[in-house]
Amino acid sequence: MATVTFKDASRIYPGTEKPAVDRLNLEIGDGEFLVLVGPSGCGKSTSLRMLAGLEDVDHGAIFIDDQEVTHLPPKARDIAMVFQNYALYPHMSVYDNMAFALKLRRTPKAEIDRRVREAARLLQLEEFLNRKPKALSGGQRQRVAMGRAIVREPQVFLMDEPLSNLDAKLRVQTRSQIATLQAKLGTTTVYVTHDQVEAMTMGHRVAVLLDGVLQQVDTPRTLYDTPANVFVAGFIGSPAMNIKTVPLTEQGAALGELVLPLTREQREAAAEGGDGKVTVGFRPEDTRLVGEGEGGLPIVVELVEDLGSHANVYGNASINGQEERFVVTIDRKDMPTMGDTVYIKPANGHHAFHAATGNRL
């Protein structure tokens, strides 16, 4: 097990001026499961590949424990990587795929057998050891790829979107298996995904990237409760937070007739360079329906998603002459129908951000 440290690590691809990863500073604790998350092209896979030694580091440094590995070849870094496409040898059995790296190291046969069978037991692959990859399901192949990493007993596991090729049900099942397995092994793990649900359910901490820049790194609960800026607020949570830039008044943020109160400090901070506006957000699940005349924001319902345990209601509201879209998560027994007008209010607080910088107030 080991710690991992990125110090001002940057990657600039030839022919481009903008870094793919821009001065990344990140410390990953011994035995921690850290998830790198963000939209396509945000630099998360590049960051992982820099740690693996598969991408050059143009500026800065990367450390595993106290050893600088910035310019070491991949085989000298004591890491094991699980790829999106499994990367199994089709002509080899499951046993031989898992044992291959150990054979290259000239590990004794008895030790290879012990490690492979132990990993197979952990991953419930014992009955498949003699099969070829083509005879396995996608989920089983992914477990073989994980087994191949486990038998090496590395200091750090690196996982690059390992569940993206699985169907939705299998993805949920496999992510719980990975999280349980990591807790059992206690190996430091860096996991890349574009799926914020995966990130929130698996990681001890989550690092959110955008355009190669680290936006926030914290526990899933902190990212959800106190996002550092508008991007994190909109990216974390499903359905996404309702975020609107509206006029700033002496009372707070004016969404038409509905005024969301702000503290004096928030109003003063928003007024500095905010051009008389403030950005506010509230989560669909922190919103309630109220009766007409109770001060709610009127929404014309356009779509209702009945999800069994709850429903998501999508609709438009006219705010200062502009049509704005909102979503609210409600109990199924309160479901309206398309074309209805409902009135909504934030129920459990709201978030405020600077209109120009997007930073949390």
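This briefing describes strand 8 and its surroundings, helix 2, and two further buried residues, Arg11 and Gln140. The model is predicted. Strand 8 is largely enclosed by the rest of the structure, because six of its six residues are buried.

**Strand 8 and its partners**

- Strand 8 spans residues 188–193.
- Thr188, Val190 and Val192 point one way from strand 8, while Thr189, Tyr191 and Thr193 point the other way; all are buried.
- Strand 3, residues 33–37, runs parallel to strand 8 and is joined to it by five bridges.
- Within this pairing, Phe33 stands opposite Thr189.
- Strand 7, residues 156–160, is also parallel to strand 8, with five bridges between them.
- Here Val156 is the residue opposite Thr188.
- A right-handed β-α-β unit is formed by strand 7, helix 5 (residues 168–185) and strand 8.

**Val190**

- Val190 belongs to strand 8 and has a relative accessible area of 1%; it is therefore buried, the cut-off being under 20%.
- Leaving out residues up to four places away in sequence, Val190 touches Ile28, Leu34, Leu36, Leu48, Leu51, Val156, Phe157, Leu158 and Met159.
- One of these contacts, Leu36, is 154 residues from Val190 along the chain, yet the C-alpha atoms of the two are separated by 7.3 Å.

**Arg11**

- Arg11 is located in strand 1, which covers residues 4–11.
- With a relative accessible area of 9%, Arg11 is buried.
- The side chains of Arg11 and Glu55 make a polar contact at 3.2 Å.
- Beyond residues up to four places away in sequence, Arg11 touches Pro19, Ala20, Val21, Thr46, Met50, Glu55, Asp56 and Asp58.

**Helix 2**

- Helix 2 comprises residues 94–104, and its buried residues are Val94, Tyr95, Asn97, Met98, Ala99, Ala101 and Leu102.
- In an α-helix, residues three or four places apart point the same way, because there are 3.6 residues a turn.
- The cover over the buried residues of helix 2 includes helix 3 (109–122) and helix 4.
- Arg106 follows helix 2 and has a positive phi, near 60 degrees.

**Gln140 in helix 4**

- Gln140 lies in helix 4, residues 138–150.
- The relative accessible area of Gln140 is 15%, so this residue counts as buried under the 20% cut-off.
- Apart from neighbours within four places in sequence, Gln140 is in contact with Leu125 and Phe128.

Key:
Residues numbered from 1 in each chain as written. Predicted model: local features only at pLDDT ≥ 70, side-chain atom pairs only at ≥ 80, totals over all residues. Heavy atoms only, no water. Helix = DSSP H or I, 4+ residues; strand = E, 2+ residues; numbered from the N terminus. Buried < 20%, exposed > 50% of the residue type's maximum accessible area, 1.4 Å probe, protein only. Contact = heavy atoms within 4.5 Å. Polar contact = N/O pair within 3.5 Å; in protein donor to acceptor, adjacent residues only side chain to side chain. Pairing = 2+ DSSP bridges. Right-handed = clockwise from strand over helix to strand, strands pointing away.
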